[in-house]
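Me: Can you walk me through this one? I have some short questions about side-chain pairs, backbone oddities and packing.

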Amino acid sequence: MRRAGFRIFNLVVGAFLLLAGCATEPVNDLRDPERKAFTPIDSDRPYVLASTLESPRTMVVALIDIDFSESALRFSYAPGFFTSNPQGIVQFEALDQPNVYKTPGALADALKERIESGPIGILLMLDGDPLGIAGAPDLDEGKAGVIRDFAKRLAAKAIVFTFIVPDRMIIPTDFNQKNRMKTEMKPSLPTYLIHYTPKMPNLQATPEALSEGWERAEIGQVAAFHEASRAQPKNVTFRALWDSEALYIRFDVTDVSVRSIRTKQLGDVWCDSCVEFFVTPTELPKHFNFEINPGGIIHYSYIRNPQRLSSGEYVDWTLGDEASIPSMLIHHSMPKTVSPEQFGEIRWTVAYRVPFSLLKRYEPAFVEPTEGDVWRGNFFICGDELKEPRWGAWADIGKELAFHQPSKFGYLRFAR
């Protein structure tokens, strides 16, 4: 959270936005094909440009930054109002320092308490960038879903609001530290929606057909292969679901070669063909890693500090417990052993569950997820000792050939 006080600087940005909610005529139709970067919202509700406000000071304004950069989603909110400077540029004036909320519901409650009557103008920022810069910040479906959810919560509390497009205005730098360092910004991290399932999906591992229940899941793609890879599978997809008791994970691979010779649980399965799921349900850099070869043999552990000692061991970690593996209900489509390495187009599937009780056993601060919660995580495929090794990820790991980089994990948002 950026709390350095409200310093003002000039910012001129493109006139774009997503959705709004008051009885003002829209300036542009958001379904205009030129605004493809913002079609995940695809709303026909109106919005207004800051530069077109005739009496800006009469509108109560909420400046809100939705922070996706940490392991848990955060909403920063500062109340204020707009004024016009001598050059005719709209300027945001804060009434007090921003407050931080962990859920869109808590933020909506705070707005309801603060606002006696509407409408209220909302100036949105994502990770420190004003929402409205042409094409930036990158708005994927996960982030769009967070905004939709927030808008629904405002409407449910009968808050009359409109989104303000920052086409030519002055904003405080507190909410915009990253905007001043655009050349140093990391590539935007992907977001995956984990949908709720009313009953456990069928974990039967059938490459030729999707088992019952998995149709509810989003399809993710492992497609960012490290430059050291000497081969790539033809296709690697994953799916994830959740209920009150567990996460459910499924990988489907169309491979170019497969080997599976590790048969000892909690062994070095990453040397075989292997699919992996890393997840941080609390704070970075802590994370769990679940790694499974085509024969259904798993290695899992809880890593509190992924830095390495001279011995190669992690600074702080705990190996999984073999007695807990049956609770994961691991299903696999390949035989337990595949040796020697098989070549050609080979399809294989792994599906399993991750009980929340298992996560709680290793991390006392663990809390079961609820709708709207955001965790961090990544999905991988590897094969360190195959004839042609390969290392692929959902969220790109960058130049360093290392999967245990929590800062590179994408966002996992829990949805209904």
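## Salt bridges, cysteines, backbone and packing

Reply: Glu212 and Lys199 make a salt bridge, with 4.0 Å between the closest N and O atoms. Bear in mind that this is a predicted model.

Me: Where do Glu212 and Lys199 sit in the chain?

Reply: Glu212 and Lys199 are both in the loop between strand S11 (191-196) and strand S12 (220-221), 13 residues apart.

Me: Are Glu212 and Lys199 buried or exposed?

Reply: Both Glu212 and Lys199 are exposed.

Me: How many salt bridges does the structure hold?

Reply: There are 17 salt bridges in the structure. One of them pairs Glu345 with Lys234, where the closest N and O atoms are 2.9 Å apart.

Me: Which parts does the pair of Glu345 and Lys234 tie together?

Reply: Glu345 belongs to strand S21 (residues 338-355), while Lys234 is in the loop between strand S13 (224-225) and strand S14 (235-242), so the salt bridge ties together parts 111 residues apart in sequence. Glu345 and Lys234 are both exposed.

Me: What about Lys286, which residue does it form a salt bridge with?

Reply: Lys286 pairs with Glu283, and their closest N and O atoms are 3.1 Å apart. Glu283 is partly exposed, at a relative accessible area of 37%.

Me: Which residues do salt bridges that share partners join into one network?

Reply: That network consists of Arg259, Arg262, Asp268, Asp272 and Glu385.

Me: Switching to the backbone. Which residues does a cis peptide bond join, with omega about 5°?

Reply: Leu284 and Pro285 are joined by that cis peptide bond. Pro285 is in the loop between strand S16 (274-280) and strand S17 (287-292). Another cis peptide bond, with omega about 0°, joins Ser339 and Pro340. Pro340 is placed in strand S21.

Me: And phi, what is the value for Leu266?

Reply: Phi of Leu266 is near 70°, which is a positive value in a residue other than glycine. Leu266 is found in the loop between strand S15 (246-260) and S16. Its relative accessibility is 15%, so Leu266 counts as buried.

Me: Same things for Leu329: what is phi, and where is the residue?

Reply: Leu329 has a positive phi too, near 50°, and is a residue other than glycine. Its place is in the loop between strand S19 (314-319) and strand S20 (331-332). Leu329 counts as partly exposed, with 35% relative accessibility.

Me: Next, cysteines. How many disulfides does the count come to?

Reply: Zero disulfides. Cys271 is in none, and the nearest cysteine sulfur to it, that of Cys382, is 8.2 Å away. Cys274 is not in a disulfide either, with the sulfur of Cys382 again the nearest cysteine sulfur, at 4.4 Å.

Me: Why does 4.4 Å not count for Cys274?

Reply: Because a disulfide needs the two cysteine sulfur atoms within 2.5 Å, and the sulfur of Cys382 is 4.4 Å from that of Cys274.

Me: Are Cys271 and Cys274 buried or exposed?

Reply: Cys271 is buried, with a relative accessible area of 6%. Cys274 is also buried, and its relative accessible area is 0%.

Me: What is Cys274 in contact with?

Reply: Apart from neighbours within four places in sequence, Cys274 contacts Val269, Glu291, Ile292, Asn293, Trp348, Phe380, Ile381 and Cys382. Cys274 itself lies in strand S16. Its C-alpha atom is 10.0 Å from that of Arg390, and the two residues are 116 residues apart along the chain.

Me: Back to strand S21 for a moment. What does Gly344 touch?

Reply: Gly344, which lies in strand S21, touches Asp255, Val256 and Ser257, residues up to four places away in sequence not being counted. The C-alpha atoms of Gly344 and Val256 are separated by 5.1 Å, and these residues are 88 residues apart along the chain. Gly344 is partly exposed, with a relative accessible area of 36%.

Me: Last topic, the largest nonpolar core. Which residues touch the most other members?

Reply: Phe290 and Tyr352 do, in a core of 52 residues. There is also a second, separate core of 27 residues, and Ala110, Leu111, Ile122 and Tyr411 are among them.

Methods. Residues numbered from 1 in each chain as written. Predicted model: local features only at pLDDT ≥ 70, side-chain atom pairs only at ≥ 80, totals over all residues. Heavy atoms only, no water. Buried < 20%, exposed > 50% of the residue type's maximum accessible area, 1.4 Å probe, protein only. Salt bridge = Lys/Arg side-chain N within 4 Å of Asp/Glu carboxyl O. Helix = DSSP H or I, 4+ residues; strand = E, 2+ residues; numbered from the N terminus. Contact = heavy atoms within 4.5 Å. Core = buried A, V, L, I, M, F, W, Y, C linked by side-chain atoms within 4.5 Å.
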